[in-house]
Amino acid sequence: MKKIFATILLSLTSFYWVIAQQNASVSFEQFLSLRQCGSPVISPNGENVAFTVTSTDWKENGYDTEIWLSLKGEEPFQLTRTLKGSSTAPKWSPDGNWLSFLADRGDKTQIFVIKLIGGEAQAITKEEEGILNYEWSPKGKSFAFTKNEPESKKLKTTKERYGGFAFDDEEFTLSHLWMIDFQPDMMPSPNEKPCYDSKDSLKKKDCISLPKATRLTDGKFTVTSFGWSPDGSKIAFNHQPNPLINSSKKSDISIIDIASKKIDVLVKNPANDFFSLWSPDSKEILYESSVTDTLSNFYKNNRIFRIPIVGGNAEELASNFDEQKNTIDWNTEGIFFQATQRASGISLFKLNPTTNKFVQVTGLPDFMGSVSFTLDGKKLAFTGRTATALQEVYKSLDGKLIKLTNFNKQIESWNTPVSEVVKWKSKDGTEIEGVLHKPRNFDPSKKYPLLVVIHGGPTGIDFPTPVPVSVYPIIEWIEKGAIVLRPNYRGSAGYGEKFRSLNVRNLGVGDMEDVMSGVDFLEKQGFVDSNKMGCMGWSQGGYISAFLTTNTNRFKAISVGAGISNWVTYYVSTDIHPFTRQYLQANPWKDPEIYKKTSPMTNILNAKTPTLIQHGEFDRRVPISNAYELLQGLQDVGVPAQLVVYKGFGHGITKPKERLAALWHNYQWFGKYVFGENIEVPTE
């Protein structure tokens with residue numbers, strides 16, 4: 001009897017332990033330490049898959065990315081271990097015997113290769129400026145790569161004499177295209193030192209000489225991306241006057257013949273042209289272009305074209321597909337592209353280049369990430385996830401899915417929220433979707449605090465997910481008994497061009513109506529505590545939050561992350577001036593009224609909501625002057641406000657310790673004004 005009782009007691013203990021683990025509280029550090037997979041590449045024979053795993057390095061206050069490998073569908077293992085820095089951009093050699101990657105192992109970022117059968121990774125390059133991007137040649141005999149140009153002697157002399165200064169929009173470094181031979185028979189053994197050019201080999205008698213890189217492009221332009229033709233005879237590449245973001249409007253496409261080094265411009269429209277893919281027979285390229293429209297590429301559908309490399313008329317493809325098309329691959333099976341489909345997923349599509357008809361590829365996870373095909377298009381590796389799980393790496397063989405990883409194991413014991421896609425009508429009748437996160441034990445008869453988290457963009461989008469990633473402690477708030485709404489307001493991706501255009505000359509105004517109508521919709525359901533509501537967002541979401549700060553008093557607290565407070569202030573100081581002109585359809589000197597109508601500062605005298613402002617010190621996208629302007633305005637009208645400046649950061653907070661700080665700052669602010677708590681940020 002005692003033995004039976006002990007067995008029952010042990011079983012009950014195990015049961016309650018499992019239940020407790022499934023409802024365990026999640027710390028901010030746990031949330032920020034989740035490992036993530038990405039960049040899958042399938043070997044040419046379809047048997048093996050390499051991918052990256054990124055983990056948090058708290059000691060170095062950064063993120064470490066390393067390459068993992070799954071052989072023939074078996075459990076993956078870690079292939080690279082970079083002491084400081086990361087190993088990224090894995091690529092297979094055409095014969096599948098080598099895996100290449102980029103890494104900085106104390107001598108700038110270089111190309112490394114490692115044999116599939118094992119051994120030490122060896123550097124192929126030793127470029128003083130480091131490598132930006134690279135590709136194997138189709139025959140595996142060489143690499144093409146881009147790198148920055150070295151600092152000129154004139155610039156060095158000027159710095160030595162006059163110190164540091166720069167003319168606006170004239171401080172940049174051009175990058176160009178190079179090629180280097182790959183000679184595996186010449187690779188040094190682990191005990192031998194490599195030489196990387198003839199000059200180096202003269203200095204070191206005990207080293208194995210490796211080839212020197214050959215320049216392919218030169219001139220007053222910068223190469224931004226490129227691709228080999230499948231037959232290996234040519235390279236198509238994008239080039240623009242300089243690497244500054246606004247220069248992309250002048251991007252064109254040229255072809256270089258590898259044998260003769262002759263370069264011909266193939267596509268040169270008044271607006272931007274971007275090379276995408278080669279046709280399998282090397283006779284055509286696929287490219288993206290705005291053609292003549294230099295003003296509306298932020299919210300209109302992108303357009304894709306095919307054109308023979310010998311020249312001729314370009315043919316537009318999939319023009320009736322009403323969403324942004326992210327082209328992935330062109331193989332003998334067709335042209336593959338990805339597109340966002342409302343809040344329900346990111347799908348893979350196959351386009352027939354002959355009939356110009358497309359179909360969705362079925363049998364895949366709802367939310368597709370990176371995709372890699374074999375040359376024949378019959379096998380692929382990809383990252384993907386469902387609405388209730390983290391992203392995993394998969395392999396697809398003959399329509400059969402094989403899951404290679406189990407990153408979701410990290411959150412199996414977490415008390416993750418339940419995600420639901422909800423829909424409502426905005427003030428003007430437009431249907432808006434949003435993601436509602438609720439506790440697992442949600443009871444519609446109870447009242448819950450409501451927190452609204454607004455995405456950036458405006459052409460971003462929020463999806464159902466078990467772990468919403470942001471600088472807002474969403475999981476922890478839901479554990480406290482709150483619900484969280486993430487609205488896909490007008491202008492969001494995934495709903496077609498007309499929807500993305502609805503906030504043109506309507507920024508802030510229409511956005512606010514979408515958000516507040518969503519709040520109204522939830523209040524009518526009867527489960528929202530209207531006396532405990534807060535709102536927040538980053539970038540465009542920060543702007544909308546700032547607009548709400550000065551135009552409604554329904555929230556008890558608001559957090560403005562890297563948000564615009566005054567469109568004139570933003571317009572004259574941002575690094576993307578065209579963005580404002582495209583959405584407001586004018587500059588502030590020609591139409592000051594539209595800038596006034598859409599700026600949060602216009603109604604600063606109406607502000608009453610306690611507002612936290614978070615901003616990066618060196619933000620070029622939304623300069624920090626926007627934060628100081630909002631702060632001063634709120635202080636002048638007596639509204640509780642606090643500005644937190646994250647030292648050394650631009651538009652995003654990209655290091656774990658500062659992300660931890662931002663989480664605590666938001667948790668503390670909303671804890672005080674929404675939950676009525678005085679929360680101390682831990683110092684140890």
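**Stop 1: E66**

Select E66 in this predicted model. E66 sits in strand β3, which covers residues 62-70. Is E66 buried or exposed? E66 counts as buried because its relative accessibility is 3%, and the cut-off for buried is under 20%.

Now show what surrounds E66. Leave out residues up to four places away in sequence, and E66 touches F51, T52, V53, Q78, T80, R81, T82, G85, S86 and S87.

Pick T80 from that list. In sequence, E66 and T80 are 14 residues apart. In space, their C-alpha atoms are 5.7 Å apart. Turn on side chains for this pair. The side chain of E66 makes a polar contact with the side chain of T80, at 2.6 Å.

**Stop 2: the four-stranded sheet**

Move on to strands β19 to β22. Four strands form an open sheet here, in the order β19-β20-β21-β22. The pairing is antiparallel. Which strands lie at the edges? They are β19 (273-278) and β22, and each pairs on one side only. Look at the twist next. Neighbouring strands of this sheet are turned against each other by 35 degrees on average, with direction ignored.

Strands of a sheet pair through backbone hydrogen bonds, so show backbone atoms for the next stops.

**Stop 3: strand β21 and its partner β20**

Select residues 304-308, which make up strand β21. How many of its five residues are buried? Four are, so to speak of β21 as mostly covered is fair.

Add residues 284-289, strand β20. Five bridges join β20 to β21, and the two run antiparallel. For one cross-strand pair, label Y287 and F305: Y287 stands opposite F305 in β21.

**Stop 4: strand β22 and the hairpin**

Go to the other partner of β21. Select residues 315-317, strand β22. Three bridges join β21 to β22, again in an antiparallel arrangement. Label two pairs here. R306 has E315 in β22 as its bridge partner. I304 stands opposite L317 in β22.

Finish at the turn. β21 and β22 form a hairpin, with six residues between the two strands. What is the phi of G311 in this turn? G311 has a positive phi of about 100 degrees.

Key
Residues are numbered from 1 along each chain as its sequence is written. This is a predicted model: local features need pLDDT of at least 70, side-chain atom pairs count only at pLDDT 80 or more; totals for chains, interfaces and linings use all residues. Side-chain values use heavy atoms; hydrogens and water are left out. Buried means under 20% relative accessible area, exposed over 50%, partly exposed in between (1.4 Å probe, protein chains only). Two strands pair if DSSP finds at least two bridges between them. Contact means heavy atoms within 4.5 Å. A polar contact is a pair of N or O atoms within 3.5 Å; within protein, one must be able to donate a hydrogen and the other to accept it, and residues adjacent in sequence count only if both atoms are side-chain atoms. Axes are lines fitted to C-alpha atoms, for helices over the stretch in contact, and angles run from 0 to 180 degrees between N-to-C directions.
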